[in-house]
Amino acid sequence: MEKEFSVKLANRSGELARMTDVLQKEGINIRSISTEPKAEVVRIVTSDPEKTRQSLSKSDMQFSERNLLVAKLEDKPGELARVSSALAKEGVNIDAAYMLDKNSNHVHVALAVSDESKARNILKL
């Protein structure tokens, strides 16, 4: 199960470096990242959620986490539109989306959704 970690960081020089240093010291790779400077939040998806949780806790960083669903989509125009439309039609909101990796044919997209069970059925995960 993929996890999104929302880490509270002050909007000042060195904060992102401090967080990434903590992770790299434990051999944790960041697979995807999103920053929200005004909210003072950095959202990350990592290679090892358990080690990420332990490392952030040990470093006294404030964070929350939530589950992500991973969909393997064809790498072509309209695939994300198809998935997001199917979810919307059934009342499932996409709160966050991350591209994790891609090759010439497919892309893996991690989604934070309002109804995980319903989204699993819709996406056949």
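## A walk through the predicted model

Leu123 touches Val83, Leu87 and Leu111, leaving aside residues up to four places away in sequence. The model in which these contacts appear is a predicted one. Leu123 and the three residues it touches are among the members of the largest nonpolar core. That core has 12 residues, and the others are Leu69, Ala71, Leu73, Val92, Val107, Val109, Val113 and Ala119. At least two of its residues come from each of β4, α3 (79–89), β6 (106–113) and α4 (116–123). The strand β6 gives the most, with 4 residues. Apart from this core lies another one, of 11 residues, which includes Val42, Ile44, Leu56 and Met61.

With the cores in mind, the chain as a whole can be laid out. The protein chain holds 4 helices and 6 strands. Read from the N terminus on, its elements follow the order β-α-β-β-α-β-α-β-β-α. The C-alpha atoms of the chain fill a box of roughly 40 × 30 × 25 Å along the principal axes. Of the 125 residues in the chain, 34% are buried. Among contacts between residues at least 6 apart in sequence, 65% join residues that are at least 24 apart.

The next stop is strand β1, which spans residues 2–8. It is mostly covered, with 6 of its 7 residues buried. Two strands pair with β1, as the following bridges show. Strand β4, residues 63–74, pairs with β1 in the antiparallel sense over 6 bridges. In this pairing Ser6 stands opposite Ser64 of β4. Strand β3, residues 41–46, also runs antiparallel to β1 and is joined to it by 4 bridges. Here Val7 stands opposite Val42 of β3. Val42 was met above as a member of the core of 11 residues.

Within β1 sits Glu4. Is this residue buried or exposed? Glu4 counts as buried because its relative accessibility is 1%, and the cut-off for buried is under 20%. Its side chain makes a polar contact of 2.5 Å with the side chain of Arg66. A polar contact of 2.4 Å joins the side chains of Glu4 and Tyr98. Leaving aside neighbours within four places in sequence, Glu4 is in contact with Arg43, Ile44, Ser64, Glu65, Arg66, Leu68, Ala96 and Tyr98. One of these, Ile44, belongs to the core of 11 residues.

From β1 the path leads to the largest pocket, which has a volume of about 160 Å³. Which residues line the largest pocket? The lining consists of Leu9, Ala10, Asn11, Arg12, Glu15, Leu16, Thr35, Glu36, Pro37, Glu40, Val41 and Val42. The elements that give two or more residues to this lining are α1 (15–25), β2 (30–36) and β3. Val42 therefore appears in three settings: it stands opposite Val7, it is one of the core of 11 residues, and it lines the largest pocket. 

Another residue of the lining, Glu15, lies in helix α1. Glu15 counts as buried because its relative accessibility is 9%. Not counting residues up to four places away in sequence, Glu15 touches Leu9 and Ala10. Leu9 and Ala10 also line the largest pocket.

The last part of the walk returns to the end of the chain where it began. Ser114 lies in the loop between β6 and α4. With a relative accessibility of 47%, Ser114 counts as partly exposed. Ser114 and Gly91 are 23 residues apart in sequence, and their C-alpha atoms are 8.7 Å apart in space. Gly91 is also touched by Ser114, as are Val92, Asn93 and Asp95, with residues up to four places away in sequence not counted. The side chain of Ser114 reaches the backbone nitrogen of Asn93 at 2.8 Å. Val92, another residue that Ser114 touches, is a member of the largest nonpolar core.

Asp115 caps the N-terminal end of α4. One of its side-chain oxygens lies 3.4 Å from the backbone nitrogen of Ser117. Just after α4, Lys124 takes a positive phi of about 55°.

Technical notes: Residues numbered from 1 in each chain as written. Predicted model: local features only at pLDDT ≥ 70, side-chain atom pairs only at ≥ 80, totals over all residues. Heavy atoms only, no water. Buried < 20%, exposed > 50% of the residue type's maximum accessible area, 1.4 Å probe, protein only. Pairing = 2+ DSSP bridges. Core = buried A, V, L, I, M, F, W, Y, C linked by side-chain atoms within 4.5 Å. Contact = heavy atoms within 4.5 Å. Polar contact = N/O pair within 3.5 Å; in protein donor to acceptor, adjacent residues only side chain to side chain. 1 Å grid on protein atoms, 1.4 Å probe; cavity = no way out; pocket = protein on both sides within 12 Å on 5 of 7 lines; lining within 4 Å. Points joined across faces, edges and corners; volume = space filled by probe spheres on them.
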